[in-house]
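Hello,

Here is the structure I promised to pass on to you. Please have a look at it first, and then read on for what turned up.

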Amino acid sequence: MCSSRRRRCGGRRTLPRLQVQAALDKAQRSPLTKGLLVKAVEKAAEAAQETAAVAGGFGQGAGSPTRGDIQQAMTLTSRISEKIRRIAKLSGRLRGLAFSARSSRASEGVMPVGVQYTRSPADIFPVELAMMSPAAGPLRFVQAIKYADYGLMGLKRAGMKPESGPFVGAVDVSGSMRCGREVNAKALALGLAQVAKSEGRAYRLFSFSSRHDPLIECDSTQSWAEHLAWGEGFIGGGTDFDRALSDAMRKLEEMGDDGRRADLVFISDGDATVAPQTAAVWKAFAERTGARLLYVAVAKSAYDDLRKLADKVVDVADLDAMTADQLARDVGGWMQ
């Protein structure tokens with residue numbers, strides 16, 4: 001049998017391996033092929049960065065989105081709404097502002113006693129900070145993810161305050177909170193929750209409306225998908241402060257000793273009252289557990305029941321992005 005017959009299979013001619021390799025090498029040297037490869041790599045990198053950004057914004061750090069199938073995580077990211085993307089990106093910024101505020105208000109002159117992961121710029125080792133500069137090239141992105149997840153190596157100082165309890169964020173999702181207010185309120189609550197978690201404090205977030213509407217919840221033990229569902233959920237009914245306060249206390253009571261010394265941040269623009277019975281129960285609960293209540297009032301109201309209960313009240317004309325930035329600084333320092 002001649003060589004030409006040996007190169008035939010089923011009536012179809014096959015190329016020798018060396019000839020195929022030569023064709024591939026030639027294609028790879030083509031500017032068009034190189035351009036297509038670069039674009040494909042850039043597109044994949046952008047998709048991966050988007051996945052990491054959204055996951056980080058919703059508190060899923062330390063590699064959470066990649067512990068399973070990265071393609072599944074990227075597919076999930078491609079299906080989420082623009083609202084979720086806005087919450088995630090804003091949450092990351094507000095988290096950074098809150099960290100900065102906490103570090104700037106930290107006590108001075110405390111002696112270092114060891115090494116730990118920290119997000120305090122004053123305590124992070126200079127070489128670690130240098131790796132986040134533009135001069136570090138692509139490695140700065142890896143360093144930024146480490147900082148967001150669990151901090152960078154730095155000093156551990158003596159004389160720090162005893163660990164606080166959980167952080168609870170209650171976000172009003174009644175009809176008047178639609179659009180910008182809701183997005184900013186959820187991003188603020190989520191950013192502050194992640195600050196708390198970085199200090200070993202559990203967090204619980206819930207959205208509330210009227211008494212007959214369901215609560216939309218997530219906490220620091222739940223999955224990324226459950227956090228996304230919390231961010232996406234909107235009810236649009238009335239406002240019931242009694243229901244929200246009672247639910248917050250019930251959840252903290254269920255945690256036993258871990259539910260003590262909690263910071264409860266209440267974000268609402270609704271006109272609502274607090275029943276005398278609920279107020280009495282909250283006062284007793286706060287006295288017994290050391291829980292504190294911060295009320296962020298994003299609109300003027302004729303009622304001041306919640307103001308009388310709160311340890312701190314922050315009045316804002318409207319909860320826009322600029323106001324959220326300032327709130328992150330103020331509330332981040334208050335949570336210390």
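A residue counts as buried when its relative accessible area is under 20%. With a relative accessible area of 1%, Phe241 is therefore buried. Please keep in mind as you read that this is a predicted model.

Let me start with the aromatic rings. There are 6 aromatic pairs in the structure. In one of them, the ring centres of Phe208 and Phe241 are 6.4 Å apart and the planes meet at 65°, so this pair is edge-to-face. Phe208 belongs to strand β6 (residues 203–208) and Phe241 to helix α10 (residues 241–254), so that the pair links distant parts of the chain, 33 residues apart. Phe208 is buried as well, at a relative accessible area of 0%.

Phe208 has another partner in Phe266: this aromatic pair is tilted, with 5.2 Å from centre to centre and 45° between the planes. Since Phe208 is in strand β6 and Phe266 in strand β8 (residues 263–268), the pair ties together parts 58 residues apart in sequence. Phe266 is buried, its relative accessible area being 0%. If you would like to see the wider group, look for Phe206, Phe208, Phe241, Phe266 and Tyr295, which form one aromatic cluster.

Now to the charged residues, where the count of salt bridges comes to 13. A good one to look up is Lys186 with Glu182, whose closest N and O atoms are 2.7 Å apart. These two residues are 4 apart in helix α8 (residues 180–198), which means that about one helical turn separates them. Both Lys186 and Glu182 are buried. Lys186 also meets a ring: its charged end sits over that of Trp230, 5.6 Å from the ring centre.

Helix α10 comes up again with Asp247 and Lys251, which are 4 residues apart there and separated by about one helical turn. They form a salt bridge with 3.9 Å between the closest N and O atoms, and both are buried. Asp247 and Lys251 are also part of a network of salt bridges that includes Glu217, Arg250 and Glu254.

Finally, Arg292 and Asp263 form a salt bridge, their closest N and O atoms lying 2.9 Å apart. This pair links distant parts of the chain, with Arg292 in strand β9 (residues 292–297) and Asp263 in strand β8, 29 residues apart. Asp263 is buried at 2% relative accessible area, whereas Arg292 counts as partly exposed at 24% relative accessibility.

Enjoy exploring it!

Best wishes

Conventions
Residues numbered from 1 in each chain as written. Predicted model: local features only at pLDDT ≥ 70, side-chain atom pairs only at ≥ 80, totals over all residues. Heavy atoms only, no water. Phe/Tyr/Trp six-rings, centres within 6.5 Å; stacked < 30°, edge-to-face > 60°. Buried < 20%, exposed > 50% of the residue type's maximum accessible area, 1.4 Å probe, protein only. Lys NZ or Arg CZ within 6 Å of the ring centre and 35° of its normal. Salt bridge = Lys/Arg side-chain N within 4 Å of Asp/Glu carboxyl O.
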